[in-house]
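Visitor: I would like a close look at one helix and the aromatic rings around it. Could you walk me through that part, please?

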Amino acid sequence: MSERLPAFVKEFLGSESDPGDFADEFISQWRRERDTKVSLSDAPKVSEALSSIFCLADMFNPNDDREDYEFDEPKLRLEIEKVLRTAELL
């Protein structure tokens with residue numbers, strides 16, 4: 001199992017990192033692991049959590065004109081934390 005993505009997510013939650021940079025980098029890393037089949041070795045619970053975080057990162061919009069389904073920074077952080085707790089990764 002790749003520890004890179006879960007560690008990256010936890011690092012983001014524990015820092016003041018830019019959420020836009022996090023979202024872009026997470027999406028890129030997730031796709032890279034998917035395309036190289038690294039993610040196939042993930043436990044189902046981890047895979048599901050990372051896929052959910054991918055969706056959350058994709059719904060991040062830092063602009064004030066965001067749609068109802070899009071997240072600002074506090075909501076993104078909250079939802080990611082919920083996913084990690086549910087998957088018992090936090």
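Guide: Happily, and let us begin with confidence. In this predicted model, pLDDT is the predictor's confidence in each residue, from 0 to 100. Its mean is lowest in helix H1 (residues 4-13), at 94, and highest in helix H4 (residues 73-86), at 97. Over the chain the average is 93, and 98% of the residues score at least 70. Helices here are DSSP runs (H or I, at least four residues), numbered from the N terminus.

Some ground rules: residues are numbered from 1 along each chain as its sequence is written, and side-chain values use heavy atoms, with hydrogens and water left out. As the model is predicted, local features need pLDDT of at least 70 and side-chain atom pairs count only at pLDDT 80 or more, while totals for chains, interfaces and linings use all residues.

Now to your helix, H2, which covers residues 19-35. Its 17 residues reach 24 Å from the first C-alpha to the last, close to the 24 Å expected at 1.5 Å a residue (1.5 Å times one less than the number of residues). At the N-terminal end, Asp 18 acts as a cap, with a side-chain oxygen 3.0 Å from the backbone nitrogen of Gly 20. Among the buried residues of H2 are Phe 22, Phe 26 and Trp 30; buried means under 20% relative accessible area, exposed over 50% and partly exposed in between, with a 1.4 Å probe and protein chains only. The buried residues of H2 pack against H1, helix H3 (44-58) and H4, where contact means heavy atoms within 4.5 Å.

Next come the rings. Those of Phe, Tyr and Trp (its six-membered ring) pair if their centres lie within 6.5 Å; planes under 30 degrees apart count as stacked, over 60 as edge-to-face and the rest as tilted. By this rule there are four aromatic pairs. Phe 12 and Phe 22 are stacked, because their ring centres are 4.0 Å apart and their planes at 10 degrees. Phe 12 lies in helix H1 and Phe 22 in helix H2, so this pair ties together parts that are 10 residues apart in sequence. Both Phe 12 and Phe 22 are buried, and together with Phe 8 and Phe 26 they form one aromatic cluster. Arg 77 lies over the face of Phe 12, at 4.0 Å from the ring centre.

Finally, look past the end of H2 to Lys 37, found in the loop between H2 and H3. Its phi is positive, near 65 degrees, in a residue other than glycine. Lys 37 is exposed, with a relative accessible area of 55%.

How values were computed
Helix = DSSP H or I, 4+ residues; strand = E, 2+ residues; numbered from the N terminus. Polar contact = N/O pair within 3.5 Å; in protein donor to acceptor, adjacent residues only side chain to side chain. Lys NZ or Arg CZ within 6 Å of the ring centre and 35° of its normal.
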